[in-house]
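User: Hey, got a minute to walk me through this one? I'd like to start with the strands and then jump around a bit.

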Amino acid sequence: MRAARTPGVAARLLETSAGLMIVEATAVGVSRLQQVDESELHAADAWFDVKHGGGGGEDDDEDLDRGPGGASGLLDRLSGQVRAYLAGELRDFDVPLDWAAAGVHDEFSREAYREIQRIPYGETSTYGQISVDAGRPRNARRVGRLCSIVPVPFVIPVHRVIRADGGMGNCPEYRLRLLEHERRNLAAARGGSHSPVPFV
């Protein structure tokens, strides 16, 4: 958990079917999505400086632009898309990312994350293939590292990136649950169902 937030960054706590998440955005784009558990809430509060109430998760971004192009507007958009994805209603995130605020400064890292964003819903690619697609064929190990420190999971779907042997890397059970969630929705659609399948 970081000690302080960057000035000009709006933050919000989301309560979702996949757990609690802290999300951040600037006027340029989304910069962080971090999952936290109940045991981390006290530490999160100290960093987040937020009052919780109403059961829905309060935000501390009232002083930032709430228009659709401002930081708070982007948080509104991301929050809705995360919930829609987990409800099985959304396959592709379309929020912009603020690479600099997310701490992604070199071009290879950005290109690797862009390639991961291109992996179709419910499908997978390997660290090695992402390395090739990003223009550096021998950097599979670095892609694996990038997947473990991804600043905005879901939007950058690192759960769709696997090892060459089929292993899931870090947090394999959770990543597999996300993949299964997507595949259940694809299977339901192929079977003619128009009812989305929520994340479980």
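User: So what order do the strands take in the open sheet of three?
Analyst: Keep in mind this is a predicted model. The order is β1-β2-β3, and the pairing is antiparallel.

User: Which ones are the edge strands?
Analyst: β1 (10–16) and β3 (30–36), each of which pairs on one side only. From one strand to the next, the twist averages 20°.

User: How many bridges join β1 to β2?
Analyst: Seven, with β2 covering residues 19–25. To pick out one residue, R12 has V23 in β2 as its bridge partner.

User: And which helix lies across those strands?
Analyst: That's α2, residues 71–86. Helix α2 lies across β1, β2 and β3, and runs at about 20° to β1.

User: Switching topic: how many salt bridges are there?
Analyst: The structure holds nine. One of them pairs R163 with D165, where the closest N and O atoms are 3.2 Å apart.

User: Are those two buried or exposed?
Analyst: D165 counts as exposed, at 61% relative accessibility. R163 is partly exposed at 38%.

User: Which residues do shared salt-bridge partners join into one network?
Analyst: E107, E111, R114, E115 and R118. Within that group, E107 bridges to R114, with 3.0 Å between the closest N and O atoms. The side chains of E111 and R118 also meet in a salt bridge, at 3.4 Å from N to O.

User: How accessible are E107 and R114?
Analyst: E107 has 47% relative accessibility, so it counts as partly exposed. R114 is partly exposed too, at 25%.

User: Okay, Q117 next. Where is Q117 placed?
Analyst: In helix α3, which covers residues 107–117. Q117 counts as partly exposed, with 30% relative accessibility.

User: What does Q117 touch, leaving aside neighbours within four places in sequence?
Analyst: Q117 is in contact with L97, W99, V155, I156 and P157. Take V155: it sits 38 residues from Q117 in sequence, yet their C-alphas are 7.2 Å apart in space.

User: Last one, F154. What's its phi?
Analyst: Positive, about 75°, although F154 is not a glycine. F154 is in the loop between α5 (140–148) and β5 (161–162).

User: Is F154 buried or exposed, and why do you say that?
Analyst: Buried, because its relative accessible area is 4% and the cut-off for buried is under 20%.

Methods:
Residues are numbered from 1 along each chain as its sequence is written. This is a predicted model: local features need pLDDT of at least 70, side-chain atom pairs count only at pLDDT 80 or more; totals for chains, interfaces and linings use all residues. Side-chain values use heavy atoms; hydrogens and water are left out. Helices (H or I, at least four residues) and strands (E, at least two) are DSSP runs, numbered from the N terminus. Buried means under 20% relative accessible area, exposed over 50%, partly exposed in between (1.4 Å probe, protein chains only). Two strands pair if DSSP finds at least two bridges between them. Axes are lines fitted to C-alpha atoms, for helices over the stretch in contact, and angles run from 0 to 180 degrees between N-to-C directions. Contact means heavy atoms within 4.5 Å. A salt bridge is a side-chain nitrogen of Lys or Arg within 4 Å of a carboxyl oxygen of Asp or Glu.
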